[in-house]
Amino acid sequence: MDTGDTTFILLSAALVMLMTPGLALFYGGMVRTKNVLSTLMQSFFIIGLITVQWVLWGYSLSFGPDINHIIGSLAWFGLNDVGQLPNADYAATIPHLLFMVFQCMFAIITAALITGSFAERMRFSAFAVFIVIWATVVYDPLAHWVWGVGGWMREMGILDFAGGTVVHISSGISGLVVALFIGKRKGYGTEIMLPHHLPMTLIGASLLWFGWFGFNAGSALSANGLAVSAFVVTHVAAAAATLAWVLTEWLYHGKPTILGAASGCVAGLVAITPAAGFVSVIPAIVIGLAGGAICFFAVSILKAKLGYDDALDAFGVHGIGGTWGAIATGLFASTAVNPAGADGLFFGNPDLVFTQLFGVAVTWVFAAVMTFVILKVISVFMQVRSDENHEDIGLDIAEHGERGYSYQDITAGSPLTFSHVVSQSEPINSSILQASHSKSH
């Protein structure tokens, strides 16, 4: 074991953990006042839910001894044989237990990313059941295919340094399927649905940018030159994408916005993730610039033309951005940066582009089909979408019996008026809420 590597990955794991509360703030600021707590709750609850799932069986399925190149066995169920000594197959200089918890943080943030697509309209009970099943039958197999020893995508040479396919494409595509399955928010397209707290969103984006250094640099699994390179290209790509989104938005809509800047930085972080350990600085700038512009058009034009309600643009940023990043890895990867990788198109190896495209296609199809099947099965046993009256009063009160702010009226996204404030300390009476709703109109 190496104490420097161990310290570095401990800090990286902590940084990646911070990304999920950061995502909660990023998403929370973009919803209406009446749904801010339910949005925060989804990400925060996932930290607990996926941690337990990962420790019991998720890690073993993802990284455990290979079964036919498809899935890990349950030999490491409950972290059996996962202890303080290193596992040379994954990280020879840090405790196996540390590698496990580092990967746990990836599983957590991936599940949380999906929630952006179906924000403001999914029942909490259905959400919790969906997430734990999705992590087991979508994330864990994908993680094994791409990163697990013996995984078939890893063996065929698909490159994904920190999660373009496993994290971003899977979450973005799955989020879109959920959004299509449960339908648009009530009033979508006819009512104004503005972000209620953009300062909160900017704080969240800043925490994501900060935490992403652990996400990408930590994926080197050692405090070495490759980690430094991944750190630098991550920052450069995020900066370039911030510029690209803001400038594109400025030209297209006439004004640069803080929401655009925040979205652009996340788009750049997403795009560089699969390539972070394989590309140098100038390609990182290109990846970031293109990623910012591509994701802007996906969010601002594609969504409007196709009419789907990807509420917080999980698909537009993570699905599309992750797809671009995986393809860009096939263009710009260089063994001069990482001898364990491969050269891409611009370094004499066009085959890597086709390998990456194949990995993208498989991830798209697998995530979409499995997500749809999960939703169909769940819908047989429980109601997936919130009731209309719950959407009217907001999921904060309807699902959790709480309110994010002391006073909020219809102008802030809630049909409750100042003259009728429901105490957070008392049970919510649905008939009173409905009467108040009628009165407010």
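A helix here is a DSSP run of H or I at least four residues long, and helices are numbered from the N terminus. With that in hand, let's look at some close-ups of this predicted model.

**View 1. Thr-20, tucked into helix α1.** Thr-20 has its place in helix α1, which runs over residues 3-28. Is Thr-20 buried or exposed? Thr-20 counts as buried because its relative accessible area is 1%, and the cut-off for buried is under 20%. So who's keeping Thr-20 company? Set aside the neighbours within four places in sequence, and Thr-20 is in contact with Ser-43, Ile-47, Ile-108, Ile-109 and Ala-112.

**View 2. The big picture around the annotated domain.** The UniProt record, an unreviewed entry, carries the annotation "domain: Ammonium transporter AmtB-like" for residues 8-405. Over those residues the chain is 67% helix and 1% strand. The C-alpha atoms at the two ends of this stretch sit 39 Å apart.

**View 3. Phe-130 in the largest nonpolar core.** The largest nonpolar core contains 122 residues, and Phe-130 and Tyr-139 have the most contacts inside it. Helix α4, residues 124-147, gives the most to this core: 15 residues. Now zoom in on Phe-130. Which residues touch Phe-130, leaving aside its neighbours within four places in sequence? They are Ile-114, Met-122, Val-178, Thr-371, Ile-374, Leu-375 and Ile-378.

**View 4. A nonpolar patch out on the surface.** Not every nonpolar side chain hides away: a nonpolar patch of about 950 Å² lies on the surface. Its members are Val-228, Phe-231, Val-232, Leu-243, Leu-247, Trp-250, Val-281, Ile-282, Ile-285, Val-286 and Leu-289. Two helices, α8 (225-253) and α10 (281-306), each supply at least two residues of the patch. Which helix gives the largest share? That's α8, with 6 residues. Val-281, a patch member, lies in helix α10. With a relative accessible area of 35%, Val-281 is partly exposed, so it clears the patch cut-off of over 30%.

**View 5. Arg-185 meets Glu-120.** Side chains of opposite charge can pair when their charged atoms come close. Searching the whole structure turns up 8 salt bridges. In this one, Arg-185 pairs with Glu-120, and the closest N and O atoms are 2.7 Å apart. The partners come from distant parts of the chain, 65 residues apart: Arg-185 is in the loop between α6 (164-182) and α7 (198-217), and Glu-120 is in the loop between α3 (96-114) and α4. Arg-185 is buried at 9% relative accessible area, and Glu-120 is buried at 4%. The pair also belongs to a network of salt bridges that links Arg-32, Glu-120, Arg-121, Arg-185 and Asp-309. Glu-120 has another quirk: its phi is positive, about 75 degrees, although Glu-120 is not a glycine.

**View 6. Lys-186 reaches Asp-392.** Lys-186 forms a salt bridge with Asp-392, and their closest N and O atoms are 3.0 Å apart. This pair links distant parts of the chain, 206 residues apart, with Lys-186 in the loop between α6 and α7 and Asp-392 in helix α13 (residues 388-393). Lys-186 is partly exposed, at 34% relative accessible area, whereas Asp-392 counts as buried at 16%. In another salt bridge, Glu-391 pairs with Arg-385, with the closest N and O atoms 2.8 Å apart. Glu-391 counts as buried too, at 6% relative accessibility.

**View 7. Ile-67 and His-69, around strand β1.** Ile-67 is found in strand β1, which covers residues 66-67. Its relative accessible area is 38%, so Ile-67 is partly exposed. Apart from neighbours within four places in sequence, Ile-67 is in contact with Gly-72 and Ser-73. Gly-151 is 84 residues away from Ile-67 along the chain, but their C-alpha atoms are separated by 8.8 Å. His-69 is found in the loop between β1 and β2 (71-72). What is the phi of His-69? It's positive, about 65 degrees, although His-69 is not a glycine. At 36% relative accessibility, His-69 counts as partly exposed.

Definitions and conventions. Residues numbered from 1 in each chain as written. Predicted model: local features only at pLDDT ≥ 70, side-chain atom pairs only at ≥ 80, totals over all residues. Heavy atoms only, no water. Patch = residues over 30% accessible without salt bridge, like charges linked within 9 Å, V, L, I, M, F, W, Y side chains within 5 Å. Areas by Shrake-Rupley, 256 points an atom, 1.4 Å probe, with all protein chains shown as cover. Salt bridge = Lys/Arg side-chain N within 4 Å of Asp/Glu carboxyl O. Buried < 20%, exposed > 50% of the residue type's maximum accessible area, 1.4 Å probe, protein only. UniProt positions renumbered as here; feature names shortened; annotations may be inferred. Core = buried A, V, L, I, M, F, W, Y, C linked by side-chain atoms within 4.5 Å. Contact = heavy atoms within 4.5 Å.
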